[in-house]
Amino acid sequence: MEPYKTLHVFQKSPNSGVFQLNLNRPSQRNALSRDFFTEFPIALQSLDQNPNASVIVLSGTGDHFCSGIDIKTLNSIANDSGDRGRSGERLRRDIKLLQDAITAIERCRKPVIAAIKGACIGGGIDIVTACDIRYCSKDAFFSVKEVDLGLTADLGKLQRLPGIVGFGNAMELALTGRRFSGQEAKEFGLVSQVFGSIEELDEGVKIIAEGIAAKSPLAVTGTKAVLLRSRDSSLEQGLDYVATWNSSMLVSDDLMEAVSAHLQKRKPTFSKL
């Protein structure tokens, strides 16, 4: 029995290190409900701790990736009443809780790859900007929609998007709320590649994910951790962090196996993490 109301988690194929994590409310175009914000960090933590999972592919069930936050969720947040100071404090805690659910993607040691099809709107962009790599199909379309709902986006896209697409592009997209295509997303650098169809997206991302899953798990998780820390640090702090990281992780069985496999012209085999 599926343990989640809003998600579907499965292994791509037997003995594969790639796990699929799908937003699973297709009748609502995978709109983000209250249950999602509770379940999503739990699912990511479970995959993070699963030694069989090396890479996570995040997508949506049905025709769309995500149509944004569910209006019912917005209403439940907005309809707080009572003392203004206390209701404001509760709202701040509520927003921080929702933010934390998205940031769970970055806390997960394993790489999270977004495979985007159809709509990726509002909260969907919060999710994909927290992912490590992003791909989309030709039919995908995007919108930083909050300004059209009378809101300032607050789940992370205004903080993450400028570092991905550039400050000027992020400002333009956030202030206009305009719809933009998968090809434009590629030109901005929001996605790494646009695939011709959903089938090609699924197959292409599977090949990429399996390629990463075959690499040293220590090297992969270390690379993610160091890149994320360096993004939010000065150059000197980033260099110091990776020096400290590698003083602990560099000399490993994975290093010996990678060198041996290279010399013997064979594929390396690494232990699970």
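Me: Before we start, what counts as a helix here?

Reply: A helix is a DSSP run of H or I with at least four residues, numbered from the N terminus. This is a predicted model, and its protein chain comes to 11 helices and 9 strands.

Me: What makes the protein chain as compact as a globular protein of its length?

Reply: Set its radius of gyration, 20 Å, against the globule rule, which gives 19 Å for 273 residues; the two are close, so the chain is as compact as a globular protein of that length. Along its principal axes, the C-alpha trace spans about 65 × 45 × 40 Å.

Me: What share of the residues is called buried?

Reply: The cut-off is under 20% relative accessible area, and 44% of the 273 residues are buried.

Me: Now to the inside. Why is a space called a cavity rather than a pocket?

Reply: A 1.4 Å probe fits in a cavity but cannot get out, whereas a pocket is an open set. The structure holds 1 cavity of 30 Å³ or more, and about 50 Å³ of space lies in the largest cavity.

Me: Which element gives the most to the lining of the largest cavity?

Reply: That is α8, with 3 residues. Both α8 (198-213) and β3 (55-60) supply at least two residues of this lining. The lining consists of K12, Q20, V57, S59, A115, D202, V205 and K206.

Me: What makes this lining mixed in class?

Reply: Val and Ala count as nonpolar, Asp and Lys as charged. The lining has 3 nonpolar, 2 polar and 3 charged residues, so three classes are present.

Methods
Residues numbered from 1 in each chain as written. Predicted model: local features only at pLDDT ≥ 70, side-chain atom pairs only at ≥ 80, totals over all residues. Heavy atoms only, no water. 1 Å grid on protein atoms, 1.4 Å probe; cavity = no way out; pocket = protein on both sides within 12 Å on 5 of 7 lines; lining within 4 Å. Points joined across faces, edges and corners; volume = space filled by probe spheres on them. Rg over C-alpha atoms; globule rule 2.2 N^0.38 Å. Buried < 20%, exposed > 50% of the residue type's maximum accessible area, 1.4 Å probe, protein only.
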